[in-house]
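Biologist: I am new to this molecule and would love a guided look. Please put it up and let me ask as we go.

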Amino acid sequence: MNKQPGSKTKAQVWVVENGKVRSRLDHLTTEEPLEIRLAPFQKSVAVTMRTPGADFELAAGFLYAEGVVTRKEDIQRISYCVDESVDGEQRYNIVNVELRHGLIPDLQPLERHFYTTSACGVCGKASLEALRLRGCPVIPAGLTVTPDIIYSLPDQLRAAQGIFTATGGLHAAATFNAQGKLLNLHEDVGRHNALDKLIGSAFLSDELPLNNHIVLVSGRSSFEILQKSAIAGVPIVCSVSAPSSLAVSVAKEFGITLIGFLRGERFNVYTDLQRIKAIN
């Protein structure tokens with residue numbers, strides 16, 4: 001039986017320090033391909049480089065963000081592929097998603113995703129116009145938070161990143177409630193994969209939309225991060241680095257408070273400042 005890949009891989013490294021060389025074992029973040037197939041169509045819709053773990057959530061989150069499914073009931077079953085030609089061997093890098101009977105999604109928009117890297121997702125091939133055509137709603141005002149709540153998020157994220165602590169090479173996406181309490185976190189070699197896992201977990205638990213949640217991602221905020229957040233109904237999106245210009249455009253159009261450079265007791269707000277209870 002094929003062994004399920006882990007999130008960490010052992011490797012020998014040579015440490016050069018003060019002119020001396022020593023050998024030691026280290027842990028690397030595992031990066032392997034995941035192919036997402038739709039049943040009963042027997043069609044591959046995406047291949048992404050990811051860190052193994054929460055693969056079913058990743059597949060569900062990806063398909064939800066792309067509009068293939070809109071509710072939990074659209075998915076009848078998610079499973080790993082079984083290779084009948086090799087004594088029923090489990091293939092952990094292929095996930096089959098069985099859609100409900102009668103659901104025939106438009107698969108043409110998914111062609112751009114047939115191969116995505118862990119670093120950049122669709123690399124700008126998606127567009128703001130696609131979100132408009134899908135009828136993605138503007139997120140209601142509702143949630144407001146104090147700066148102190150925002151300041152507290154990065155430390156909670158780092159403390160909960162188990163795989164990052166072991167490898168030092170992993171992104172994370174997390175949800176927090178209005179009081180700044182960490183609710184859920186997923187890690188992956190790619191930011192967009194980590195967010196797909198996070199949203200997929202909420203999707204499979206019937207917790208969408210995330211209208212009363214804050215999302216924090218490590219690294220920068222790209223178009224894909226904001227696209228997925230808008231579709232999931234996230235009102236506040238934070239990152240520890242800079243957003244892209246297209247990310248800001250998405251945030252403006254769909255009513256998201258976009259925060260960047262969240263470090264220590266400082267952050268920049270790029271859109272919808274009214275959700276932040278400023279202290280004068």
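Biologist: Let me start with a detail: which residue in β11 stands opposite V237?

Modeller: Strands β10 (residues 236–239) and β11 run parallel and are joined by three bridges. Helices (H or I, at least four residues) and strands (E, at least two) are DSSP runs, numbered from the N terminus, and two strands pair if DSSP finds at least two bridges between them. Across from V237, in β11, stands L258.

Biologist: What kind of model is this, and how many helices and strands does the chain have?

Modeller: This is a predicted model, where local features need pLDDT of at least 70 and side-chain atom pairs count only at pLDDT 80 or more, while totals for chains, interfaces and linings use all residues. Residues are numbered from 1 along each chain as its sequence is written, and side-chain values use heavy atoms, with hydrogens and water left out. As for the elements, the chain has seven helices and twelve strands.

Biologist: What percentage of the 280 residues count as buried?

Modeller: Buried means under 20% relative accessible area, exposed over 50%, and partly exposed in between (1.4 Å probe, protein chains only). By that rule, the buried share of the 280 residues is 50%.

Biologist: In what order do the strands of the six-stranded open sheet lie?

Modeller: In general, strands of a sheet pair through backbone hydrogen bonds, either parallel or antiparallel. Here the pairing is mixed. At the edges are β8 (182–188) and β12 (266–271), each pairing on one side only. The full order is β8-β7-β9-β10-β11-β12.

Biologist: Which residue of β8 is the bridge partner of A174?

Modeller: A174 sits in strand β7. That strand, residues 171–176, pairs with β8 in the antiparallel sense over six bridges. The bridge partner of A174 in β8 is L185.

Biologist: How far apart in space are A174 and H186, C-alpha to C-alpha?

Modeller: A174 is buried, with a relative accessible area of 0%, and H186, in strand β8, is buried too, at 14%. Contact means heavy atoms within 4.5 Å; beyond its neighbours within four places in sequence, H186 has contacts including A54, H171 and S201. A174 and H186 are twelve residues apart in sequence, and their separation in space is 6.5 Å.

Biologist: Which residues of the largest nonpolar core touch the most other members?

Modeller: Nonpolar side chains tend to be buried together in soluble globular proteins. A nonpolar core here is a set of buried Ala, Val, Leu, Ile, Met, Phe, Trp, Tyr and Cys residues joined through side-chain atoms within 4.5 Å. Of the 51 residues in the largest core, those touching the most other members are L38, L63, V69, V97, L226 and V250.

Biologist: Which residues does L63 contact, leaving aside its neighbours within four places in sequence?

Modeller: L63 belongs to that core of 51 residues. With those neighbours left aside, its contacts are L38, V45, V68, V69 and V97.

Biologist: How far from E73 is L99 in space, C-alpha to C-alpha?

Modeller: L99 is found in strand β6 (residues 89–99) and is buried, with a relative accessible area of 3%. Beyond four places in sequence, L99 is in contact with residues including L38, V68 and V69. L99 and E73 are 26 residues apart in sequence, and the distance in space is 8.6 Å.

Biologist: How many of the ten residues of helix α6 are buried?

Modeller: Helix α6 covers residues 223–232 and is largely enclosed by the rest of the structure. Its buried residues include F223, E224, K228 and A232. The count of buried residues is ten of the ten.

Biologist: At about what angle does helix α7 run to β12?

Modeller: Helix α7 (residues 245–254) lies across β11 (257–263) and β12. Axes are lines fitted to C-alpha atoms, for helices over the stretch in contact, and angles run from 0 to 180 degrees between N-to-C directions. The angle between α7 and β12 is about 65°.

Biologist: Where does UniProt place the feature "binding site"?

Modeller: UniProt positions use the numbering here, feature names are shortened, and annotations may be inferred rather than shown by experiment. One of the positions is R263, found in strand β11; R263 touches V240 and S241, not counting residues up to four places away in sequence. In the unreviewed UniProt entry, the positions are F261, L262, R263, G264, E265 and R266.
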